[in-house]
Amino acid sequence: MRNYSYKTLDITELYVNPDNYRYVEEVQDEISAIIAMFKVNVGDAKKEMINLANDIITDGLNPFEMPIVCFDDEIGKYVVYDGNRRITCLKLMTQYKGNADVLEELPYVAEIYKLQYDGDNSIQCVVYEEADDAIHFLNKIHNDVNNGMDLRTCQIMCCSTSRIRRKSC
């Protein structure tokens, strides 16, 4: 059994993962990781991040999608392994609101800075003791490599059923 617990963490205790598979280029620190999140080569990252920030303002965080984190002794914070997009948006509305480095690189982030986040800065997280354990479960969520023991197969089937019933997914 892999060891994890649930813990409420302040946004400042979380660290956007600089080693995220989404990034086009390697990044070294949290600010660079936040900037890189807007430059991924899948979809329209700028539009999607702004939409996500607006959704967080409107509906809050999805209670079924807690960030998955692991404490990093070297950094002294909890590195986010799953939920980096959500945490990036929250940090831009709180901890890094108005950050000049981000704004210089991504002028359109001003749209997120304008948002008024009135939610709690404490976030319920799933905390793994070992990063490898977090990665193990993330592979079950994001990859179809576990002979049906993942969510992807179910999501495809449920989405197809939803389209038939509601004409959407």
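Which residue in β5 is the bridge partner of I68? Select I68 and follow the bridge into β5: the partner is V126. Keep in mind that this is a predicted model.

**Stop 1: strand β5**

Select residues 122-128, which form β5. Five of these seven residues are buried, so the rest of the structure largely encloses the strand. Now add β3, residues 68-72. The two strands, β3 and β5, run parallel and are joined by three bridges.

Next, add β1, residues 4-10. Here the pairing with β5 is antiparallel, over seven bridges. Pick Y6 and look for its bridge partner in β5: V126 again. V126 therefore serves as bridge partner to Y6 and to I68, with β5 itself largely enclosed. Show side chains while you are here. In a regular strand they alternate between the two faces of the sheet.

**Stop 2: helices α2 and α3**

Select residues 45-59 for α2 and residues 84-93 for α3. The helices pack at an angle of about 70°, and their axes lie 9 Å apart. With angles from 65 to 115 degrees counted as roughly perpendicular, α2 and α3 are therefore roughly perpendicular to each other.

Now show the contact residues. On the α2 side, pick E48, M49, L52, A53, I56 and I57. On the α3 side, pick R85, R86, T88, C89, L90 and M93. Colour the contact by class: eight residues are nonpolar, one is polar and three are charged.

**Stop 3: I35**

Move to helix α1, residues 30-37, and centre on I35. Is I35 buried or exposed? Its relative accessibility is 13%, so I35 counts as buried. Leave aside the neighbours within four places in sequence, and I35 is in contact with D101, V102, E105 and L106. Then draw a C-alpha to C-alpha distance from I35 to Y23: 9.7 Å in space, for two residues twelve apart in sequence.

**Stop 4: confidence**

Colour the chain by pLDDT. The chain mean is 86, and 83% of the residues reach 70 or more. Where is confidence highest, and where is it lowest? Strand β2, residues 14-15, is highest at 98. Helix α7, residues 151-166, is lowest, at a mean of 45.

Finish by selecting residues 149-165. Over this stretch pLDDT stays under 50. The model has 19 contacts for these residues beyond four places in sequence. Where pLDDT is low, the predicted coordinates should not be read in detail.

Terms used:
Residues are numbered from 1 along each chain as its sequence is written. This is a predicted model: local features need pLDDT of at least 70, side-chain atom pairs count only at pLDDT 80 or more; totals for chains, interfaces and linings use all residues. Side-chain values use heavy atoms; hydrogens and water are left out. Axes are lines fitted to C-alpha atoms, for helices over the stretch in contact, and angles run from 0 to 180 degrees between N-to-C directions. Helices (H or I, at least four residues) and strands (E, at least two) are DSSP runs, numbered from the N terminus. Angles under 35 degrees count as roughly parallel, over 145 as roughly antiparallel, 65 to 115 as roughly perpendicular and the rest as oblique. Contact means heavy atoms within 4.5 Å. Ala, Val, Leu, Ile, Met, Phe, Trp, Tyr, Cys and Pro count as nonpolar, Asp, Glu, Lys and Arg as charged, and the others, Gly among them, as polar. pLDDT is the predictor's confidence in each residue, from 0 to 100. Buried means under 20% relative accessible area, exposed over 50%, partly exposed in between (1.4 Å probe, protein chains only). Two strands pair if DSSP finds at least two bridges between them.
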